[in-house]
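This report looks at how the interior of one protein chain is put together and at how two of its helices pack. Please keep the sequence and the structure in view while reading.

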Amino acid sequence: MKNVLFVCSQNKLRSPTAEQVFANWPDIEVSSAGTNNDAENPLSNELIEWADIVFVMEKAHRAKVQGKYRSALKDKRLVCLHIPDDYDFMDPALVQLLKAKVPRHL
């Protein structure tokens with residue numbers, strides 16, 4: 001079982017969509033968080049430590065995660081999906097992008 005964490009800024013649109021899309025996939029557990037302090041579910045050391053793979057939506061998220069959680073990331077895979085903040089929650093185009101990009105890294 002792999003623990004997969006999806007990260008965006010606010011944890012309102014992209015990462016919760018990813019969490020929902022992959023919630024029932026076999027052999028993975030999923031969660032999501034946001035890099036901002038006022039995110040719905042703020043990113044924490046505990047979440048990084050829980051995860052085997054951390055997916056971030058943008059390069060800026062990757063930089064924040066690497067800067068703030070470097071020690072917790074030491075044995076983790078950190079993958080940037082390069083998905084801009086242009087989508088609503090469960091937007092069909094976002095779902096399609098996630099299904100195209102995420103599985104190749106699992």
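The sections below treat the annotated region, the nonpolar cores and one helix pair of this predicted model.

## Annotated region

An unreviewed UniProt entry carries the annotation "domain: Phosphotyrosine protein phosphatase I", which covers residues 2-100. Over residues 2-100, helix accounts for 33% of the chain and strand for 22%, while the C-alpha atoms at the two ends lie 19 Å apart.

## Nonpolar cores

The largest nonpolar core holds 19 residues, of which F6, F22, F55, M57, L81 and L98 touch the most other members. At least two residues of this core come from each of β1 (2-8), α1 (14-21), β2 (28-34), β3 (53-56) and α4 (92-101). Another core lies apart from the largest one and comprises 14 residues, including A33, V54, V56 and C80.

Leaving aside residues up to four places away in sequence, L98 touches R14, T17, A18 and F22, and likewise M57, L81, I83 and P103.

## Packing of α1 and α4

Two packed helices are described by the angle between their axes and the distance between the axes. For α1 and α4, the axes come within 10 Å and cross at roughly 65°, and the crossing in which α1 passes α4 is right-handed.

On the α1 side of this contact are R14, T17, A18 and V21, which meet L94, V95, L98 and K99 in α4. By character, the residues of the contact of α1 with α4 comprise five nonpolar, one polar and two charged. L98 thus appears in both settings, as a member of the largest nonpolar core and as one of the α4 residues that meet α1.

How values were computed:
Residues are numbered from 1 along each chain as its sequence is written. This is a predicted model: local features need pLDDT of at least 70, side-chain atom pairs count only at pLDDT 80 or more; totals for chains, interfaces and linings use all residues. Side-chain values use heavy atoms; hydrogens and water are left out. A nonpolar core is a set of buried Ala, Val, Leu, Ile, Met, Phe, Trp, Tyr and Cys residues joined through side-chain atoms within 4.5 Å. Buried means under 20% relative accessible area, exposed over 50%, partly exposed in between (1.4 Å probe, protein chains only). Helices (H or I, at least four residues) and strands (E, at least two) are DSSP runs, numbered from the N terminus. Contact means heavy atoms within 4.5 Å. Axes are lines fitted to C-alpha atoms, for helices over the stretch in contact, and angles run from 0 to 180 degrees between N-to-C directions. A crossing is left-handed if the near helix is turned anticlockwise from the far one by less than a right angle, and right-handed if clockwise. Ala, Val, Leu, Ile, Met, Phe, Trp, Tyr, Cys and Pro count as nonpolar, Asp, Glu, Lys and Arg as charged, and the others, Gly among them, as polar. UniProt positions are given in the numbering used here, feature names are shortened, and annotations may be inferred rather than shown by experiment.
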